[in-house]
Each structure stands twice: as C-alpha cells, then as structure tokens.
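Student: I would like to take a close look at one part of this protein, the surroundings of a single charged side chain, and then see how that part sits beside the rest. Could you walk me through it slowly, step by step?

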Amino acid sequence: PAPVPATSAPTTAADANRTRTPAASPTLVPTAAPTLVPTIPLPKDLTYHPGDLTVSMEGLLLSTGLSARVVARSGQRVRYGNGQTSRNRFHGAPDFGGTFPRSDGGWTYVSNSEVDSGRGGVGALTFDRNGTLTGYRTVLSRTSMNCGGGVTPWNTWISCEEVNEKGHVWEVHPEGEYARKTSLGGTGGRFESFSYDVRDRDVPRFFVTEDKFNGPLRRYTPQPRDIDWDNPESMLHGRGKTEYLVLEPDPEAFPDVKAARATYGNFTWSSVLRDGRQSALELYPNLEGIDVANNELFVVSKRLSEMTILNLDDMTYRTVSTKRGLFDGGPDQIQRITRNEGLLYFTEEGGEDAGVHARDGQGRFYTVLESPVWKDETTGLAFSPDLMHMYVAWQRNGILFDVTRDDGYPFGGRSINAKFHAMDGDSLE
C-alpha cells in the first residue's frame, strides 16, 4: 500500500530524546474539537506503510515503520519517564479512552475501567510535550462497568456505566477537578457511548447509546438557560429535554419491516420512552459505539451487526452491515468523515482479528496492527493532540500501548468510535 500523506515536518533525534519539565498545575486547553496540523506536500522520507505487517515487538505485529511501547499494565504501578512510579496501580479492564491538550504543551489520556461492584471508574495518565509519561491518577472512583464515553466540546470526559437499570453517565474533568453525574442518563440504564452535534451552538444536541435489547438512542437538548459556551459547566446537568430515536422504514420501497431494517427510511425523535424502546427492540437493539461527523451520526447495533447512519439534517437513515468490516466499499463516506485528511482508524470486535484497522479515501482496508499474543478486545483508541502518538489497549490483558511512527511524522486522519463487541450466543445482554 502507498504511504499515508504526512501532515507536518519530522522531529529531530534530539527533539525525540529530550525531556522537559511541565509547568506547575497546567490547565486544559479549551478547544471545541481536535486541531489537525495543516497538510504539506508529501515528503520523500516516509517509512510508515499501513497494512504491511512486518514489525514484531511487545507481543504486537505492527505495520512497517511503527514502534510500540507498553505504557501501563493493570494491577501494576505506572513507571514514569524519570524512573519514579505512581502511587496507585493502573486500573483493571481499560476500555474507551480520549486525550486532552494541556497548557504546558503536553496532554492527558483518560481511560475507563470496566470493572464491576463499584471498583470501576476512570484513570488519567499525563504526558509532557515530548510524550514522556509524567503522572497517573484516578479521576472517577466507586462506579461500575465504565465502558464507553466520549469527549465533550469543552474538553471534559463523559464516562458511561454499563450496568442494568442502575448505570449513570458521568462528566469527569480529566485533571481530577470534579466528577459529576449528568442528566444524560435520566434515572439510570445500561449506557455505552456518547457523542454530540453542536453545529448550531444555540441548540446543541448530545447523544447516548444504551447497550440493551430495547435500549433506545437518547438525544439530550439543554434548556436555553443552561447553554453558556463561556461557562459550560451546567450544560449537561440541568433539566433539559430527552428524546428517543424512532426509525421509520420506507413502507413503499419495503412493505416488510424486517427487510426494510437493512436499508433506509426516515426517523423522528419521540419524547415517549416507550416509543424509543419499541423501535430499538425491532430495528436497532444493543447499541454500542457512536460518533458524529459533519451532519451524519454513526451508531452500531452489535446484535444485528449493523451500522445505522442518520442524516441529522434531512432526517433520513440508512443501515449497512458490519459483518465484513466498517465502511466496506464506501470511499465517499470516508472522505466526508476525514475531509481528505488521511486514514480513518477504528477498532473492531475481539477475536483473531483484534487490533487497529483503517480505511483510506478509496475505501481500501488496512490492518495497522494486531497481536498474535493478546487474543482479546482492542479498545481505548485515541491520538495525542499533535497526532504523534496512538494509544490502544487490550482490555482483558490490561495492557495500554503507545504506538509511534519511526519517521517522526504524525498519523494523518482521525479515529471513529464505532466499535462493537460480539454477542455471546443469543444472550439479550
């Protein structure tokens, strides 16, 4: 495969090896979305060849031009770049993660802990501007089965508890300043992942999936008095309006509802929970990963092995199979998501092909990395704000990796939270 276009000049060897002391108590940088480095002409010294699996290290098989190191292991103290170790041990069952820029030029990577009985939560790893690990702390504790989540537009972390009828959706400051239950989950549920559409800043929308056979996709709209972009602390904690997705298959093209489920139709948002539950039961049970790109919302039903794509502007939807892999034969879709920035990175269900995969603007599929050793679900996929580091975890093994390009260029493109687990037989949960 052709190399991926680079997006900035490489660092020198001296830059790569130099460590810097971060400023005291750095703050988060308030950005509405990750800022990508402007594209420059394709250099001649690229060594990263996605899909060409030739590098074996740390139990991984990586594409040519990549290197990996272990950042943390569950149950062990985290070793920092200066040789010291953390007071707390790295949390168990690391799941979905995200990165947050800091004012000192470094960043924070947060990671959910999908452990039950009140032993879950969220851990946060801090890195300096060179990617050197400088700290680890717990920023949410005494919660259970923290599975998915997402990053808010004002750079806080949403962590969802996947606990039947009792789970909640938490907003967590990645530097540990606060952790608060939001209004997104109502009185409780089995929640999975979070995303948003804030193109209209006067009417922002926030979405949460529920991994249950009749768990509807929820849309939360804050009250006007809670919408303050200079001080967004109340945005998700007021008495906003919660609505539920109702799919309406096209009856003229497909009179049989079951057949229509795999094609297209219209959708509405209902304020009646019962309506949403019935639609989920029939048409989109057991939702997991969700993401929004431009005017499209992507959400995956693990029970049906289908991805539903909602056009948020014209209120139409279409559904495609995920059995062969995400975005098969869909180059136009990928280009709309990435805006021609490069590859679209994603993880898929565990098993023999667990790893990180990607598709390019022509729809071609690449396995970026996998493991012949760690036969487990990959999760926590996220890039550092400068796109120089890719983080990914093998959950049950409890190992978090930092993957970098040997040529010193950043990863071009973006990741999408559209992952899903395999169903265990015919279990409804």
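Tutor: Let us begin with Lys-302, which counts as buried because its relative accessibility is 8%, and the cut-off for that word is under 20% relative accessible area. Please keep in mind throughout that we are reading a predicted model.

What does Lys-302 form a salt bridge with, when the closest N and O atoms are 3.0 Å apart? The partner is Asp-211, and Asp-211 is buried, as Lys-302 is. This pair links distant parts of the chain, since Lys-302 lies in the loop between strand E20 (296-301) and strand E21 (306-311), while Asp-211 lies in the loop between strand E15 (205-210) and strand E16 (218-221), and the two are 91 residues apart.

Lys-302 also forms a salt bridge with Glu-288, and here the closest N and O atoms are 3.8 Å apart. Glu-288 belongs to strand E19 (residues 287-293), whereas Lys-302 is in the loop between E20 and E21, so this pair ties together parts that are 14 residues apart in sequence. Glu-288 is buried as well, because its relative accessible area is 1%.

It helps to set this part beside other salt bridges, for a search of the whole structure finds 19 of them. One of these joins Arg-199 to Asp-197, with the closest N and O atoms 2.9 Å apart. In that pair Asp-197 counts as buried because its relative accessibility is 11%, whereas Arg-199, at 45% relative accessibility, counts as partly exposed. Elsewhere, Arg-102, Asp-104 and Glu-175 are linked in a network of salt bridges.

Another acidic residue, Asp-226, can be followed in a similar way, and Asp-226 lies in the loop between E16 and strand E17 (241-249). Its relative accessibility is 11%, and therefore Asp-226 counts as buried. If we leave aside its neighbours within four places in sequence, Asp-226 is in contact with Ser-234, Met-235, Gly-238 and Arg-239. Between Asp-226 and Leu-236, which are 10 residues apart in sequence, the distance from C-alpha to C-alpha is 8.1 Å.

We can now turn from side chains to strands, where an open sheet of four strands runs in the order E6-E7-E8-E9, with antiparallel pairing. At its edges are strand E6 (94-101) and strand E9 (133-141), each of which pairs on one side only, and from one strand to the next the twist averages 20°. E6 pairs in the antiparallel sense with strand E7 (residues 107-113), over six bridges, and Phe-100 stands opposite Thr-108 in E7.

Finally, we should ask how much confidence the prediction carries. The protein averages a pLDDT of 85, and 83% of the residues score at least 70. Over residues 1-40, however, pLDDT stays under 50, although the model has 81 contacts beyond four places in sequence for that stretch. Residues 425-429 also have a pLDDT that stays under 50, and for them the model has 12 contacts beyond four places in sequence. Where pLDDT is low, the predicted coordinates should not be read in detail.

Notes: Residues are numbered from 1 along each chain as its sequence is written. This is a predicted model: local features need pLDDT of at least 70, side-chain atom pairs count only at pLDDT 80 or more; totals for chains, interfaces and linings use all residues. Side-chain values use heavy atoms; hydrogens and water are left out. Two strands pair if DSSP finds at least two bridges between them. Axes are lines fitted to C-alpha atoms, for helices over the stretch in contact, and angles run from 0 to 180 degrees between N-to-C directions. A salt bridge is a side-chain nitrogen of Lys or Arg within 4 Å of a carboxyl oxygen of Asp or Glu. Buried means under 20% relative accessible area, exposed over 50%, partly exposed in between (1.4 Å probe, protein chains only). pLDDT is the predictor's confidence in each residue, from 0 to 100. Contact means heavy atoms within 4.5 Å.
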